[in-house]
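Q: Please take one part of this structure, the packing of its helices and the residues around them, and go through it slowly for someone in the first year of study. I would like a connected explanation, with the reasoning shown wherever there is a step to follow.

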Amino acid sequence: MIIPVKWTDECVEMLDQRLLPTEEVWLKLKTYNDVADGIRDMVIRGAPAIGVSCAYGIALGLKNFVGMNVEDMEEELDYICEVLAKTRPTAINLFWAIDRMKRTFAKAKEEGKNVSEIKQVMIDDAKAIHEEDIESQRLIAQFGGELLEDDSNVLTHCNAGALATGGVWGTALGVIRGAKDQGKKVTVIADETRPYLQGARLTAWELLQDDIPVTLITDNQSGHLMKKGMVQAVVVGSDRIAANGDVANKIGTYMVAVLAKQHGIPFYVAAPMSTVDMNCPTGEEIPIEERDIREITHVKDIQLAPEGISVNNYAFDVTPNEMVDAIITEKGVARKPYVESLRKMAEDN
Ligand code: MRU
């Protein structure tokens, strides 16, 4: 059972995903700045895992607050949130966790709690966010598992597994785990996911740990495999889903969705409601992170491309809602038109 982030009484512990699959090293992060660096530098990644880590980072920052005055503590909270908000722009779970923790603080303050009581309230809520995330993935696994046919070969992109969430299930990989628990035979095709190789390094590692049959391919093989009838469904996670069902996910997801459409293969997105941004009307408004070009020009210290070459390194793309056959959340399975189905789910939330 993989849980990539943990709260202990002195620190936040993170499994260093930069070193997987060859080394399993746990880092002890003692300040909110360490947590912010951990998110920015991809020690932990994946939208729900970023949200959980952010909540723990806020709780840790306030636990380390030395004053006795609640107003000063609130100023510190605002500053901590500003630092964390600058780490990764696309994953909405980061901002969702900041909003939720700020609301928790405001409620505790209104109830007249003192500094030490508020510290405990914030730790408890960060732990609750973590537990709720795992429970959401369990439900996503159950609902999504029902959509997969027996004897399916499922293609997934990036890593939307336990490593990318609070742990245990994952979103896209949760759907695969759910189908397996329902007695279905499911095998997985993991594409490498250039340039950061979350598929090769993380999805392949995670599925091997669980004895789920997985075959690794280069990103450019997916069309060929689909044409040969070797893919029965595509399941991916998401970093942010707009109110109209447009889906931001790891760069290359859109390409896979276009191919799936061409070959009549169902394309499913699995994500908790904390990934649905009802304030973002369409995918056009989703900020797309651009990362260091060295991720493309180099592999570790080996230079692949000529020095001085112009490079684009968009980390995410947006798949238009019409290409998405279903969005699987902990509230159930949303179908088109997503403007209505997602609104209903968000209202029930
Ligand atoms: O850059 P990353 O590794 O944080 O990107 C992760 C993804 O794109 C995942 O597919 C997404 O966050 C869903 S994780 C359950």
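A: A nonpolar surface patch, in the sense used here, is made of residues that have over 30% relative accessible area and no salt bridge, with nonpolar side chains such as Val, Leu and Ile joined within 5 Å. The model is a predicted one, and in it V299, I302 and L304 make a nonpolar surface patch of about 280 Å². I302, one of these three, belongs to strand β13, which covers residues 302–303. The relative accessibility of I302 is 56%, and because a residue counts as exposed over 50%, I302 is exposed.

From this surface we can turn to the helices and to what they hide. Helix α1 runs through residues 32–40, and its buried residues are Y32, V35, A36, G38 and I39. Looking down the axis of α1, one finds these buried residues within an arc of 160 degrees, so they line one face of the helix. An α-helix has 3.6 residues a turn, so residues three or four places apart point the same way. The cover over the buried residues of α1 includes two strands, β2 (12–15) and β3 (26–29), together with the helices α2 (47–63), α3 (70–85) and α4 (92–110). After α1 comes M42, which has a positive phi near 70 degrees.

The buried interior is where several of these elements meet. The largest nonpolar core is made up of 43 residues, and within it I58 and L84 have the most contacts. At least two residues of this core come from each of β1 (5–7), β2, α1, α2, α3, α4 and α5 (115–145). Among these contributors, α2 gives the largest share, with eleven residues. The surroundings of I58 can be listed in detail: apart from its neighbours within four places in sequence, I58 is in contact with L77, I80, C81, L84, I98, M101 and M122. There is also a second, separate core, which has 26 residues and includes V234, V236, V324 and A334.

L60 offers another view of helix α2, in which it is found. With a relative accessibility of 0%, L60 counts as buried, because the limit for that word is under 20%. When residues up to four places away in sequence are left out, L60 touches W7, E10, C11, V12, L29, K30, T31, Y32 and V35. Two of these, Y32 and V35, are among the buried residues of α1, so that the list of contacts of L60 reaches that helix. L60 and M101 are 41 residues apart along the chain, and their C-alpha atoms are separated by 12 Å.

Charged side chains add a further set of links, for the structure holds 20 salt bridges. In one of them K109 pairs with E71, with 3.5 Å between the closest N and O atoms. K109 lies in helix α4 whereas E71 lies in helix α3, so this pair ties together parts that are 38 residues apart in sequence. K109 also forms a salt bridge with E74, where the closest N and O atoms are 2.7 Å apart. This second pair again links distant parts of the chain, since E74 is in α3 and K109 is in α4, 35 residues away. The three residues are partly exposed, with relative accessible areas of 29% for K109, 45% for E71 and 25% for E74.

Elsewhere, the side chains of E295 and R291 meet in a salt bridge of 2.7 Å from N to O. Here both partners are buried, E295 with a relative accessible area of 15% and R291 at 17% relative accessibility. These two residues also belong to a network, in which salt bridges that share partners join R88, E289, R291 and E295.

A last helix to look at is α6, which spans residues 172–181. Eight of its ten residues are buried, so α6 is largely enclosed by the rest of the structure. The buried residues are A172, L173, G174, V175, I176, R177, G178 and A179. Just after α6 comes G183, whose phi is positive and about 90 degrees.

Terms used:
Residues numbered from 1 in each chain as written. Predicted model: local features only at pLDDT ≥ 70, side-chain atom pairs only at ≥ 80, totals over all residues. Heavy atoms only, no water. Patch = residues over 30% accessible without salt bridge, like charges linked within 9 Å, V, L, I, M, F, W, Y side chains within 5 Å. Areas by Shrake-Rupley, 256 points an atom, 1.4 Å probe, with all protein chains shown as cover. Salt bridge = Lys/Arg side-chain N within 4 Å of Asp/Glu carboxyl O. Helix = DSSP H or I, 4+ residues; strand = E, 2+ residues; numbered from the N terminus. Buried < 20%, exposed > 50% of the residue type's maximum accessible area, 1.4 Å probe, protein only. Arc of directions from axis to C-beta. Contact = heavy atoms within 4.5 Å. Core = buried A, V, L, I, M, F, W, Y, C linked by side-chain atoms within 4.5 Å.
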